[in-house]
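Me: Please take a close look at a single part of this model, the pocket with the most space in it, and follow the elements around it in one connected account.

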Amino acid sequence: MSRTNAVGPCSGQGMGAGPRGARRAGAARGSVRCRVAAERPFSLSASTTMEKLRQTRLITALKTPYLPNGKFDLDCYDAFLDDQIKNGVQGVIVGGTTGEGQLMSWDEHIMLIAHTVNTFGREIQVIGNTGSNSTREALHATEQGFNVGMHASLQINPYYGKTSVDGMKEHFRRAMDMGPAMIYNVPARTGQDIEEHTMLELAEHENFIGVKECEGNERIARYSAKGICCWSGNDDEAHDARHGSGAVGVVSVTSNVIPGIFSKLMGADPQPELNEKCQALISWLFAEPNPIGVNTCLSMTGQVKPVFRLPYVPYDRERREEGLRLLKELGEEVGGHENLKVLEDSEFVLLDAF
């Protein structure tokens with residue numbers, strides 16, 4: 001190897017003011033397709049924007065591709081996102097954990113949000129991961145994100161330097177004051193659960209869209225019964241969350257790899273056999289902490305260059321060979337299936353400076 005009842009948003013309550021500041025149309029960029037930024041409907045009312053977000057079933061936590069020098073590969077990004085849209089993806093999280101926002105400077109992060117809006121903002125919902133464990137940073141990044149046109153923010157509770165429940169609620173309220181926000185509950189990463197009574201209070205805010213919930217389908221079912229919009233944060237449970245627990249849909253990592261299948265899984269009708277068919281691949285993708293699996297997988301399909309920003313490193317060869325077998329079993333449903341290969345260790349580039 002060389003040297004990221006109802007309190008009611010879903011029942012029609014909680015519609016409120018949009019983000020501070022006008023959304024600005026930037027210059028369209030990208031060699032994949034040219035779009036005219038000025039034509040984008042940024043004048044949509046806040047309530048219309050909130051409604052569109054609450055109807056978005058398949059949201060990909062989008063991978064960020066890199067050039068060999070570690071900078072963003074925007075041509076690759078555009079081609080990849082183009083394919084996502086063609087396969088039924090309705091929204092994206094930009095710079096989430098999967099997209100390695102944690103390894104970006106805020107300048108990089110906001111630039112990528114702006115690029116996504118300018119290039120694809122008429123076709124998909126763009127949700128910027130502008131949360132932080134620092135309220136000050138979260139507010140600054142969220143304001144910048146709305147200024148460049150994102151439709152909503154993703155907000156996480158303060159991690160590592162955890163706060164009290166009252167402090168958590170104040171943190172989220174200040175972030176939601178900036179504009180539409182999806183709350184993200186992932187105790188495995190933050191070390192602190194956003195408990196149900198806290199979420200019910202947060203749901204009263206006018207800019208609360210809903211929650212990306214990683215604590216299972218029983219909790220999603222309880223929230224859904226109270227009118228809170230939920231997106232599963234667990235790919236292996238997402239089908240049952242949608243069809244059995246009332247979830248709107250999923251914020252998915254696996255849809256980077258098989259967007260067409262996940263579009264079907266989030267459709268109107270249950271697809272239990274198709275869901276079962278994907279489980280082995282989902283398990284493989286999460287054999288190590290995300291985003292290691294999806295980074296390795298998309299390198300193997302040739303959809304991104306095999307470039308890793310440390311501390312992430314690819315799966316070892318034995319695990320890559322296992323993945324190759326699973327990907328081949330899914331055939332044409334896998335993006336880049338015609339280019340599948342294991343890759344040699346020497347083909348991966350690991351960067352500690354970019």
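Reply: Two strands are taken to pair if DSSP finds at least two bridges between them, and that criterion underlies the strand contacts described below. The model is a predicted one, and every value here is computed from it.

The largest pocket holds about 890 Å³ of space. Its lining is made up of 40 residues, and those that lie nearest its centre are T97, I156, Y184, V186 and R189. Sorted by character, the lining residues divide into 19 nonpolar, 14 polar and 7 charged. Two or more residues of the lining come from each of the elements α3 (106–120), β4 (152–156), α6 (187–190) and β8 (249–252), and of these α6 gives the most, with 4 residues.

Among these elements, β4 deserves the closest attention. The strand is mostly covered, since 5 of its 5 residues are buried, and the burial extends to both of its faces: A152, L154 and I156 are buried on one side, while S153 and Q155 are buried on the other.

The neighbours of β4 can be followed strand by strand. Strand β3, residues 125–128, runs parallel to β4 and is joined to it by 2 bridges, with I127 standing opposite A152 of β4. Between these two strands comes helix α4, residues 135–147, and β3, α4 and β4 together make a right-handed β-α-β unit. Strand β5, residues 181–185, also pairs with β4 in the parallel sense, over 4 bridges. Here the bridge partner of I156 is Y184 in β5, and both I156 and Y184 are listed with the residues that lie nearest the centre of the largest pocket. From β4 the chain reaches β5 by way of helix α5, residues 165–176, in a β-α-β crossover that is right-handed.

Helix α3, which also gives residues to the lining of the largest pocket, can be checked for its length. Its 15 residues, at 1.5 Å a residue, should span 21 Å, and because its end C-alpha atoms are 21 Å apart, the expected and modelled spans agree. Like β4, this helix is mostly covered, although here the count is 12 buried residues of 15. The buried residues of α3 include E108, H109, H115 and N118, as well as I110, L112, I113, V117 and F120.

Note on methods. Residues numbered from 1 in each chain as written. Predicted model: local features only at pLDDT ≥ 70, side-chain atom pairs only at ≥ 80, totals over all residues. Heavy atoms only, no water. 1 Å grid on protein atoms, 1.4 Å probe; cavity = no way out; pocket = protein on both sides within 12 Å on 5 of 7 lines; lining within 4 Å. Points joined across faces, edges and corners; volume = space filled by probe spheres on them. Nonpolar A, V, L, I, M, F, W, Y, C, P; charged D, E, K, R; others polar. Buried < 20%, exposed > 50% of the residue type's maximum accessible area, 1.4 Å probe, protein only. Right-handed = clockwise from strand over helix to strand, strands pointing away. Expected span 1.5 Å × (residues − 1).
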